[in-house]
Amino acid sequence: QVQLVESGGGLVQAGGSLRLSCVASRTIFSISTVGWYRQAPGKQRDLVARILAGGSTIYADSVKGRFTISRDTAKNTVYLQMNSLKPEDTAVYYCNAQRIGSSSYDYWGQGTQVTVSS
């Protein structure tokens with residue numbers, strides 16, 4: 001079993017920035033697809049950004065040009081740099097690591113709250 005721990009959330013004004021971190025208890029990020037998801041009250045959990053094992057990145061249209069996902073495999077950490085934050089970015093942000101096929105897994109963190117005030 002692997003634990004994912006998110007941090008870095010908080011309260012920020014619109015236009016501000018935050019950097020979220022997701023730390024894994026084992027070295028898995030280099031062989032995993034790691035995604036940041038978010039869930040606002042009363043809404044479904046949606047993908048925000050994803051980084052594949054090979055390093056390619058994918059972003060939701062709503063965050064393109066504002067958010068950047070990156071990883072530091074030496075630190076077992078994946079980051080989500082969030083700039084130009086908007087009130088609609090307010091949500092609980094979750095980290096997910098998954099691998100499909102042999103030795104498959106699907107791990108989630110506990111989430112970190114991001115609140116953007118107008």
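Asp89 and Arg66: buried or exposed? Both Asp89 and Arg66 are buried (under 20% relative accessible area, taken with a 1.4 Å probe on protein chains only).

This is a predicted model, where local features need pLDDT of at least 70, side-chain atom pairs count only at pLDDT 80 or more, and totals for chains, interfaces and linings use all residues. Residues are numbered from 1 along each chain as its sequence is written, and side-chain values use heavy atoms, with hydrogens and water left out.

**View 1. Asp89 pairs with Arg66.** Here's a salt bridge (a side-chain nitrogen of Lys or Arg within 4 Å of a carboxyl oxygen of Asp or Glu), with the closest N and O atoms of Asp89 and Arg66 2.8 Å apart. Asp89 sits in the loop between β8 and β9, and Arg66 in the loop between β6 (57-59) and β7 (67-72), so the pair links distant parts of the chain, 23 residues apart. Strands here are DSSP runs (E, at least two residues), numbered from the N terminus.

**View 2. Arg38 pairs with Asp89.** The closest N and O atoms of this salt bridge are 2.9 Å apart. Arg38 lies in strand β4 (residues 33-39) and Asp89 in the loop between β8 (77-82) and β9 (91-99), so the salt bridge ties together parts that are 51 residues apart in sequence. Arg38 is buried, and Asp89 is too.

**View 3. Arg38, Arg66 and Asp89 form a network.** Salt bridges link these residues.

**View 4. Lys64 pairs with Asp61.** In this salt bridge the closest N and O atoms are 3.1 Å apart. Asp61 counts as exposed (over 50%), because its relative accessibility is 64%.

Conventions:
Helix = DSSP H or I, 4+ residues; strand = E, 2+ residues; numbered from the N terminus.
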